[in-house]
Amino acid sequence: MSNSLSHDLLSERLSDALASLDSIPIARVTGRLVKVNGLMLQAVGCRFKLEQRCLVETAEGDMIEAQVVGFDHNVAYLMPLRRLGGLFAGAKVVPLDGDSTVQISSQWLGRVVNGQGESIDDGAPLKGGERVSLEPKPINPLKRRPVDTPLNVGVRAINGLLTVGKGQRIGLMAGSGVGKSVLMGMITQNTEADVIVVGLIGERGREVREFIERNLTPEARQKAIIVAAPADESPLMRLRATLLCHRVAEYFRDQGKDVLLLMDSLTRYAMAQREIALSLGEPPASRGYPPSVFSLLPQLLERAGNSENQYGSLTAIYTVLAEGDDQQDPVVDSARAILDGHVVLSRQLAEQGHYPAIDINASISRCMSGCTQPSHVTVANQFRTLYSNYLQVKELLPLGGYQPGQDPELDRSVAMYPHLKAYLLQDVSEKSDCTDSLTALAQLFQS
């Protein structure tokens, strides 16, 4: 009898001991913070991996998320996602397992999120959804669906003369204050797409609310997702927000939806990468930009476009800041070589009150011939020719240096210029779909 009781007691104690093992924390190797230099943290004592996420302890007991951006022998360089505060020498650095992931679902539609996918509007917290990595597998270029269907962006000059196709990547290139954001707002309001993803990267903080209230109609707001990382965010947060807006767009594209991705701006993304690279000691190569910036641009831009799926598309429009109105700026020149077309905005036209200030002769859509009829391309080329001919003699007209009757082609260009200019002008509240744009373009030459 006593043996049975002792056996039961032993079994009970053994079960309690086994159950208590679940509450014992598993030992894990952690590193220590040894130096803070600006936004760059240095940690030792652990085997860190490149692009690994970490948690850094603060004096208040909080944990700041950071990411490994480089290393030198046994010293790892980390960049925090948020502002620094409360760090101290010897602080614990805990490496995290797994890649950077985010949970995406249809709940994101109509919401405003930050670079970590956290809602920053007054709506309910975003919960649930499919967990996906921020770095998807690259698409086989031989399996990409071609760009063969025009996309209505609601801007007459683009629909008629720079036709954009579903799955195309195009850049809006201009200096500051020429109207990039206004044109992007017109495209956001008028484009026919199932989902609109807007990335506001490195821009002024006030522009986030202004963009939502001024450029998004109630109908567009319901299908739009805003990813915001203003200029006061850390460089790493701006990079992460850029990756997030692309990943969200890819997620809905793979579900068979027509997605429009608008990112303002690609230059701020390059500047964020420049800050990180220079902090790591990478030498500047072109106007202060290190080589790593120009290697990351194609990796980012190639994520947009059509995929292997026969349904769904991802059309991307990026604003690119040309510093000093220099169209040979390194970022502008690199983006122009990678993208499928570019729309150049002219400061001279903007100063004349010509909006949208699109410089037709300096702009091009490389996919236009593949998604339009040959007759449309012919008429668009005729428009360009007449417009270019007029610009050649424009400065001579007030001086009396041009005499009509000597060149019929120039005479026709001068006579038609008021009609050509009227075609290019469009009010912000005006919408012109593809049919209206082509009809108006054809009527120019019929008359």
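**Exercise 1. Find the annotated domain and describe its fold content.**

Start with the record. The unreviewed UniProt entry carries the annotation "domain: AAA+ ATPase" for residues 166-349. Next, turn to the model, which is predicted. Over residues 166-349, helix makes up 45% and strand 21% of the chain. Last, take the two ends: their C-alpha atoms lie 29 Å apart.

**Exercise 2. Check the length of helix 7, then list its buried residues.**

Step one: count. Helix 7 spans residues 266-279, which is 14 residues. Step two: compare. From first C-alpha to last, helix 7 reaches 20 Å, close to the 20 Å expected at 1.5 Å a residue. Step three: apply the burial cut-off, under 20% relative accessible area. The buried residues of helix 7 are L266, T267, Y269, A270, M271, A272, Q273, I276 and A277. Step four: look past the end. G281 follows helix 7 and has a positive phi, near 95°.

**Exercise 3. How do helix 12 and helix 13 pack?**

Two packed helices are described by an angle and a distance between their axes. Helix 12 covers residues 374-393 and helix 13 covers residues 408-424. Their angle is about 110°, and their axes are 8 Å apart. Angles of 65 to 115 degrees count as roughly perpendicular, so helix 12 is roughly perpendicular to helix 13. Now sort the contact residues: 12 are nonpolar, three polar and two charged. Helix 12 contributes F383 and Y387, among others, while the helix 13 side includes R412 and L420.

**Exercise 4. Summarise the whole chain.**

Count the elements: 14 helices and 18 strands. Then take burial: 49% of the 447 residues are buried. Finish with the box: the C-alpha atoms fill roughly 125 × 50 × 40 Å along the principal axes.

Technical notes:
Residues numbered from 1 in each chain as written. Predicted model: local features only at pLDDT ≥ 70, side-chain atom pairs only at ≥ 80, totals over all residues. Heavy atoms only, no water. Axes fitted to C-alpha atoms, helices over the stretch in contact; angles between N-to-C directions. Helix = DSSP H or I, 4+ residues; strand = E, 2+ residues; numbered from the N terminus. Parallel < 35°, antiparallel > 145°, perpendicular 65-115°, else oblique. Contact = heavy atoms within 4.5 Å. Nonpolar A, V, L, I, M, F, W, Y, C, P; charged D, E, K, R; others polar. UniProt positions renumbered as here; feature names shortened; annotations may be inferred. Expected span 1.5 Å × (residues − 1). Buried < 20%, exposed > 50% of the residue type's maximum accessible area, 1.4 Å probe, protein only.
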